[in-house]
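Please open the model in your viewer and keep the sequence panel beside it. We will go from the whole chain to a few selections.

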Amino acid sequence: MNCVETYLPLKGSEAEEYASLRRATNPPEVQAMEAMEMTWADRIEAKGISKGRKEGVDRLRGTIVRMLGQRFGEVPAPLRRRLALIRSVDGLSAIADRILEVNSIEELGLGG
């Protein structure tokens with residue numbers, strides 16, 4: 001697929017049609033063509049980054065649960081569910097940073 005996208009660019013009337021469509025007010029045809037501009041390798045890499053990010057968030061969440069368990073004992077199920085809803089690395093990192101500062105799970109303010 002990369003070979004086709006790289007070595008068979010638009011030429012002649014196809015290139016002119018594409019240019020005129022790009023000048024239009026972003027019709028669906030242009031959106032479809034712009035989506036095709038991403039190479040197959042780019043799409044795979046984007047999926048890999050997304051998958052890697054999700055794995056990182058999951059690991060961070062697991063680390064938080066483990067740290068909470070070591071510091072305060074059994075982590076209540078409602079708190080585990082609340083943590084499962086947080087998908088932001090920054091949000092989870094902020095919680096991890098505070099674990100050593102608080103005296104109880106309740107002080108985290110997560111409704112656990």
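The tour below begins with the overall fold and then moves to single residues.

This is a predicted model, in which local features need pLDDT of at least 70 and side-chain atom pairs count only at pLDDT 80 or more, while totals for chains, interfaces and linings use all residues. Residues are numbered from 1 along each chain as its sequence is written, and side-chain values use heavy atoms, leaving out hydrogens and water.

Colour the protein chain by secondary structure, and you should find six helices and zero strands (DSSP runs numbered from the N terminus, helices being H or I of at least four residues and strands E of at least two). Of its 112 residues, 20% count as buried, where buried means under 20% relative accessible area and exposed over 50%, with a 1.4 Å probe and protein chains only.

Next, select Arg61, which lies in helix 4 (residues 40-72). Is Arg61 buried or exposed? Arg61 is buried, with a relative accessible area of 13%. Show its side chain, which makes a polar contact of 2.9 Å with the side chain of Asp58 (a pair of N or O atoms within 3.5 Å, one able to donate a hydrogen and the other to accept it). Beyond its neighbours within four places in sequence, Arg61 is in contact (heavy atoms within 4.5 Å) with several residues, including Leu83 and Leu92.

Leu92 leads to helix 6 (residues 89-98), whose buried residues are Leu92, Ile95 and Ala96. They lie on the same side of helix 6, because they cover an arc of only 100 degrees around the axis, taken from the directions from the helix axis to the C-beta atoms. Turn the view to the face away from this buried side, and select the exposed residues Asp90 and Asp97.

Finally, select Ser88, which caps the N-terminal end of helix 6 with a side-chain oxygen 3.2 Å from the backbone nitrogen of Asp90.
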